[in-house]
Amino acid sequence: MRVLLFISLTISLHFAGAQESRSLSLDDCITYALDNNENLEIARLENDIATTHINETLARGLPQVNGSVGVVRNFDVQVNPFPDFLSPVVYRVLEEENLVPVVDREFGNINAGFGTDYSGQAGLNARQLIFDGSYFVGLKAARTVKLLSQREQKRTEVDIVENVSKAYYLVLVTTENLEFLGRNFATIDTLLRETTAMYESGFAEKIDVSRIKIQHNNLLASLKNNTDLLITSLYLLKFQMGMPVETPVSLSGNLSDINLTAVETGSENALENRPEFAVLQTNRDLLDLNIQNYKSQYVPNIYANFNYGWTSGTRTFGDMTNFNNDTWFKYSNLGINLSIPIFDGLSKRSIIQRNKIQILQVDQSIDQFKNNVEREVSTARINVNNAIRNVESQNENVRLAEEVYDVSKIKYQEGLGSNFEVIQANTEFKEAQTNYLNALYEAATAQIELKKALGTLYKN
């Protein structure tokens with residue numbers, strides 16, 4: 001009994017800790033997971049990112065306004081040489097007036113610097129999209145990306161519900177098995193003490209004690225192993241929920257909550273209910289929009305530009321700070337810019353062809369998924385029916401094995417049977433109970449997988 005007390009204390013330390021333990025049902029675990037699971041939080045953030053893409057695309061269609069202010073100090077004004085056009089005119093006049101003789105003359109360049117010591121500019125530039133076919137396609141694509149992220153989030157939610165449900169039932173089954181092993185160990189421990197006393201009194205043989213001792217040791221090892229398994233199973237459940245492992249919890253459900261009735265819902269709407277199918281369809285829509293986007297780039301784009309500002313050039317910086325019409329000169333203009341694509345080396349054509357091939361790939365994946373859904377539903381329904389029959393069979397085996405064990409124990413206590421029969425019956429009883437619990441877990445997981453195949457496991 002000290003062993004059972006140690007195991008109970010070990011479980012309490014892992015499950016309860018110093019805080020008060022929370023009692024959770026399966027629905028509680030699922031609700032907590034949908035609020036705290038890390039993978040789902042990542043999916044939600046991806047959804048938020050998709051929203052920013054929509055806003056980013058919308059911004060392209062709004063006016064783009066920029067302001068600029070600049071001051072330049074010209075330490076050495078740039079000199080530009082140009083042909084001397086003044087001297088030929090002057091000499092021609094002088095020659096015509098006979099003031100200089102007419103001779104062939106060569107004239108060089110004039111080196112002149114145009115500019116001031118200080119120059120400045122300040123202005124506003126506004127650019128407005130008038131027509132760009134890719135803008136409207138891009139806006140639709142951004143909204144489709146948002147839809148894709150929402151459907152990916154839905155698929156993540158279904159996976160989380162599946163994983164949490166399976167982990168929850170695993171804890172229940174492991175807890176039930178540990179409780180059974182504890183009761184079984186207590187019985188064998190009592191039998192060992194009684195047989196040891198009989199041996200010491202000369203009413204039993206040494207081999208009788210050894211046989212029971214072997215069973216005693218095996219059950220003790222199973223108890224310790226299943227204790228570790230229960231702790232690990234609960235850690236797995238907390239991980240799937242996104243709950244810190246140190247948080248103390250207990251489960252309020254029990255194995256009787258497992259629905260052992262086959263789901264008879266037809267598979268007519270299974271395809272539409274599956275989030276994976278919606279994801280495939282959305283990916284196809286995105287490829288189609290990408291084709292439309294590149295086709296729209298063959299159409300000219302029209303933008304309007306408006307500029308308004310002032311320029312200045314002064315010999316001193318102080319003069320530039322005098323903001324008046326003699327120092328700063330206003331300018332403004334309005335223009336329309338038409339961009340006409342002519343030839344891009346067949347780049348867009350190649351991209352469009354690639355997207356068309358990718359659409360064929362997605363179509364093949366959709367057809368494959370349709371066939372796979374039918375197979376999954378059919379297989380899952382068969383597994384559920386088989387699991388239910390197996391539970392019924394194993395439950396009957398537990399009842400029979402328990403009867404055999406009780407009879408063997410009574411016969412041994414009355415001196416009509418051997419302890420070997422008791423040990424054998426106990427082993428068979430333990431195996432029958434383990435098989436029954438395993439069958440229950442398989443039935444629970446089969447139900448979960450069938451609902452997932454039908455697309456009814458979780459609907460938000």
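Biologist: Let's start with the rings. Which residues form one aromatic cluster with F180?
Modeller: Keep in mind that this is a predicted model. The structure holds nine aromatic pairs. F180 belongs to one aromatic cluster, and its partners there are Y405 and F429.

Biologist: How are the rings of Y135 and F136 arranged, stacked or edge-to-face?
Modeller: A pair of aromatic rings is described by the distance of the centres and the angle of the planes. For Y135 and F136, the centres are 5.2 Å apart and the planes stand at 75 degrees. Planes over 60 degrees apart put a pair in one class, so Y135 and F136 are edge-to-face.

Biologist: And what about the rings of Y308 and W310?
Modeller: Their centres are 5.2 Å apart, with the planes at 85 degrees. Y308 is partly exposed at 29% relative accessibility, and W310 is partly exposed at 35%. With that plane angle, the pair Y308 and W310 is edge-to-face.

Biologist: Back to Y135: is that residue buried or exposed?
Modeller: F136, its ring partner, has a relative accessible area of 48% and is partly exposed. Y135 has a relative accessible area of 8%. Buried means under 20%, so Y135 counts as buried.

Biologist: F136 keeps coming up. What is the accessible area of the nonpolar surface patch that includes F136?
Modeller: F136 is found in helix α5, residues 133-201. On the surface, F136 joins I130, F131, Y298, V299 and I336 in a nonpolar patch. Together these residues have an accessible area of about 580 Å².

Biologist: Y298 is in that patch too. Which charged residue sits over the ring of Y298?
Modeller: A charged end lies 5.0 Å from the centre of the Y298 ring. The residue it belongs to also meets D344 in a salt bridge, at 2.8 Å from N to O, and counts as buried at 11% relative accessibility. The residue over Y298 is K348.

Biologist: Where else does a charge sit over a ring: how far is the charged end of R127 from the centre of the Y303 ring?
Modeller: Here the charged end comes from an arginine, R127, and the ring is that of Y303. The distance from the charged end of R127 to the ring centre is 3.8 Å.

Biologist: On to salt bridges. How many residues apart are E41 and R44?
Modeller: A search of the whole structure finds 15 salt bridges, and E41 with R44 is one of them, with the closest N and O atoms 3.6 Å apart. Both residues lie in helix α3, residues 38-60, about one turn of the helix from each other. Along the chain, the separation is three residues.

Biologist: How many residues apart are K166 and E449?
Modeller: Their side chains meet in a salt bridge, 3.0 Å from N to O. That pair links distant parts of the chain, with K166 in helix α5 and E449 in helix α11, residues 419-454. D159, E162 and K452 are linked with them in a network of salt bridges. The separation between K166 and E449 is 283 residues.

Biologist: Last one: how far apart are the end C-alpha atoms of helix α6?
Modeller: Helix α6 runs over residues 206-241, which makes 36 residues. At 1.5 Å a residue, α6 should span 52 Å. Just after α6, G242 takes a positive phi of about 80 degrees. The distance between the end C-alpha atoms of α6 agrees with the expected span: 52 Å.

How values were computed. Residues numbered from 1 in each chain as written. Predicted model: local features only at pLDDT ≥ 70, side-chain atom pairs only at ≥ 80, totals over all residues. Heavy atoms only, no water. Helix = DSSP H or I, 4+ residues; strand = E, 2+ residues; numbered from the N terminus. Expected span 1.5 Å × (residues − 1). Patch = residues over 30% accessible without salt bridge, like charges linked within 9 Å, V, L, I, M, F, W, Y side chains within 5 Å. Areas by Shrake-Rupley, 256 points an atom, 1.4 Å probe, with all protein chains shown as cover. Salt bridge = Lys/Arg side-chain N within 4 Å of Asp/Glu carboxyl O. Phe/Tyr/Trp six-rings, centres within 6.5 Å; stacked < 30°, edge-to-face > 60°. Buried < 20%, exposed > 50% of the residue type's maximum accessible area, 1.4 Å probe, protein only. Lys NZ or Arg CZ within 6 Å of the ring centre and 35° of its normal.
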